[in-house]
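Got your viewer ready? Load the model, colour it however you like, and follow along.

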Amino acid sequence: LSPAEPIRPEALDLSQSLVSHHLRLLRGARLVRGERQAKHIFYSIADQHVSQVLQDMAVHISEDKADD
C-alpha cells in the first residue's frame with residue numbers, strides 16, 4: 001500500500017477517542033507503528049508482511065463485489 005494523506009477522525013465521522021482506541025489496539029497487536037511528531041502521532045503499517053495481508057484482503061473484497 002502506498003503512503004496516504006493523513007486522515008482526520010472527523011472525515012470518517014468517528015470520534016477521536018474511538019479512532020485512538022482502535023489505533024492503540026492495532027499497535028498492541030503490532031499491526032501498525034506510531035511515530036510522534038510534536039503533538040501528533042503518525043501511524044503506518046508495521047511491516048511488509050502486514051502490508052501484503054492488507055493488499056490481499058482488498059483484492060479479495062473487490063473480487064466479491066465483482067461477483068454481485
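What radius of gyration does the protein chain have, and what would a compact globule of 68 residues have? The chain has 14 Å, whereas the globule would be near 11 Å. That radius is taken over C-alpha atoms, and the globule rule is 2.2 Å times the number of residues to the power 0.38.

A word on what you're looking at: this is a predicted model, where local features need pLDDT of at least 70 and side-chain atom pairs count only at pLDDT 80 or more, while totals for chains, interfaces and linings use all residues. Residues are numbered from 1 along each chain as its sequence is written, and side-chain values use heavy atoms, with hydrogens and water left out.

Start with the C-alpha trace: along its principal axes it spans about 45 × 30 × 20 Å. Switch to cartoon and you'll find two helices and two strands, in the order α-β-β-α from the N terminus. These are DSSP runs (helices H or I, at least four residues; strands E, at least two).

Now turn on the surface. The chain exposes about 6100 Å², with 57% supplied by carbon and sulfur atoms (Shrake-Rupley, 1.4 Å probe). Just 9% of the 68 residues count as buried, meaning under 20% relative accessible area, with exposed being over 50% and partly exposed in between.

Next, select I7, in the segment before α1 (16–28). I7 is exposed, at 58% relative accessible area. Add L12, L14 and L18: with I7 they form a nonpolar surface patch of about 350 Å² accessible area together. Patch members have over 30% relative accessible area and no salt bridge, and nonpolar side chains (Val, Leu, Ile, Met, Phe, Trp, Tyr) are joined within 5 Å, like charges within 9 Å. A salt bridge here is a side-chain nitrogen of Lys or Arg within 4 Å of a carboxyl oxygen of Asp or Glu.

Conventions. Buried means under 20% relative accessible area, exposed over 50%, partly exposed in between (1.4 Å probe, protein chains only).
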